[in-house]
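This report describes a single protein model. Please look over the sequence and the structure before reading on.

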Amino acid sequence: MNGEVVASMQPDPPPTGEGEGELPPNWLALSALHLDPGFLQVIADVTSDGRLLVTYDAGGGVLSQRLVAAPFGFVGTASQAPIMVALRTFEESELVVYSWRWRIPVTSGC
């Protein structure tokens, strides 16, 4: 099998628990997905439906974080279209396809 690195990053550490650089108890960081020009990572509370969605810029700097209550994890993206696939589990597990777009925050200048 041949492969090629299409992106790499060194992300900022996620929110910490007791020790420096550690996740809070019962939280698990899932793989980051490349969403050109940045990344998306889900950090999941394995004891609940809590999910922390973290977006990163191309260099791995945190752009935003949002806490949601939904039992899912993103598992893949398409390279030629703005879609992501998630595994979502309520009463049954299902694959869900989401479309996405980057939204640039508006900042006021002085």
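The sections below cover model confidence, the nonpolar cores, two charged residues without a salt bridge, and the salt bridge.

## Model confidence

The model is predicted. Its chain has an average pLDDT of 78, and 72% of the residues score at least 70. The pLDDT falls below 50 over residues 16-20, a stretch that has six contacts in the model beyond near neighbours in sequence.

## Nonpolar cores

Nine residues form the largest nonpolar core: Leu33, Leu35, Leu40, Val42, Leu53, Phe72, Phe74, Met84 and Ala86. Two or more of these residues come from each of strand 2 (33-35), strand 3 (38-45), strand 6 (72-77) and strand 7 (83-89). There is also a second, separate core of five residues, among them Phe39, Ile43, Leu52 and Val54. In soluble globular proteins, nonpolar side chains tend to be buried together.

Within the largest core, Phe72 has contacts beyond four places in sequence with Val42, Leu53 and Ala86, and also with Arg51, Leu87 and Arg88.

## Arg51 and Asp45

Arg51 lies in strand 4 (residues 50-56). This residue is buried but has no salt bridge. The nearest side chain of opposite charge is that of Asp49, 5.2 Å away, which means that the pair falls outside the 4 Å limit for a salt bridge. The Arg51 side chain does reach the backbone oxygen of Asp45, at 3.4 Å.

The surroundings of Arg51 include both polar and nonpolar residues: beyond four places in sequence, its contacts are Trp27, Val42, Ile43, Ala44, Asp45, Arg66, Leu67, Val68, Ala70, Pro71 and Phe72. Of these, Val42 and Phe72 belong to the largest nonpolar core, while Ile43 is part of the second.

Asp45 is located in strand 3. Like Arg51, Asp45 is buried and lacks a salt bridge. For Asp45, the nearest side chain of opposite charge is Arg51, at 6.5 Å. Contacts of Asp45 beyond four places in sequence are with Asn26, Trp27, Gly50 and Arg51. Trp27 thus appears in the contact list of Arg51 and in that of Asp45.

## The salt bridge

How many salt bridges does a search of the whole structure find? The search finds one. Glu94 and Arg88 form a salt bridge, with their closest N and O atoms 2.6 Å apart.

Are the two partners buried or exposed? Glu94 has a relative accessible area of 32% and is partly exposed. Arg88, at 24% relative accessibility, is also partly exposed. Arg88 is in contact with Phe72 as well, a member of the largest nonpolar core.

Technical notes: Residues are numbered from 1 along each chain as its sequence is written. This is a predicted model: local features need pLDDT of at least 70, side-chain atom pairs count only at pLDDT 80 or more; totals for chains, interfaces and linings use all residues. Side-chain values use heavy atoms; hydrogens and water are left out. Helices (H or I, at least four residues) and strands (E, at least two) are DSSP runs, numbered from the N terminus. Buried means under 20% relative accessible area, exposed over 50%, partly exposed in between (1.4 Å probe, protein chains only). Lys and Arg count as positive and Asp and Glu as negative; His and the chain ends are not counted. A polar contact is a pair of N or O atoms within 3.5 Å; within protein, one must be able to donate a hydrogen and the other to accept it, and residues adjacent in sequence count only if both atoms are side-chain atoms. Contact means heavy atoms within 4.5 Å. A nonpolar core is a set of buried Ala, Val, Leu, Ile, Met, Phe, Trp, Tyr and Cys residues joined through side-chain atoms within 4.5 Å. pLDDT is the predictor's confidence in each residue, from 0 to 100.
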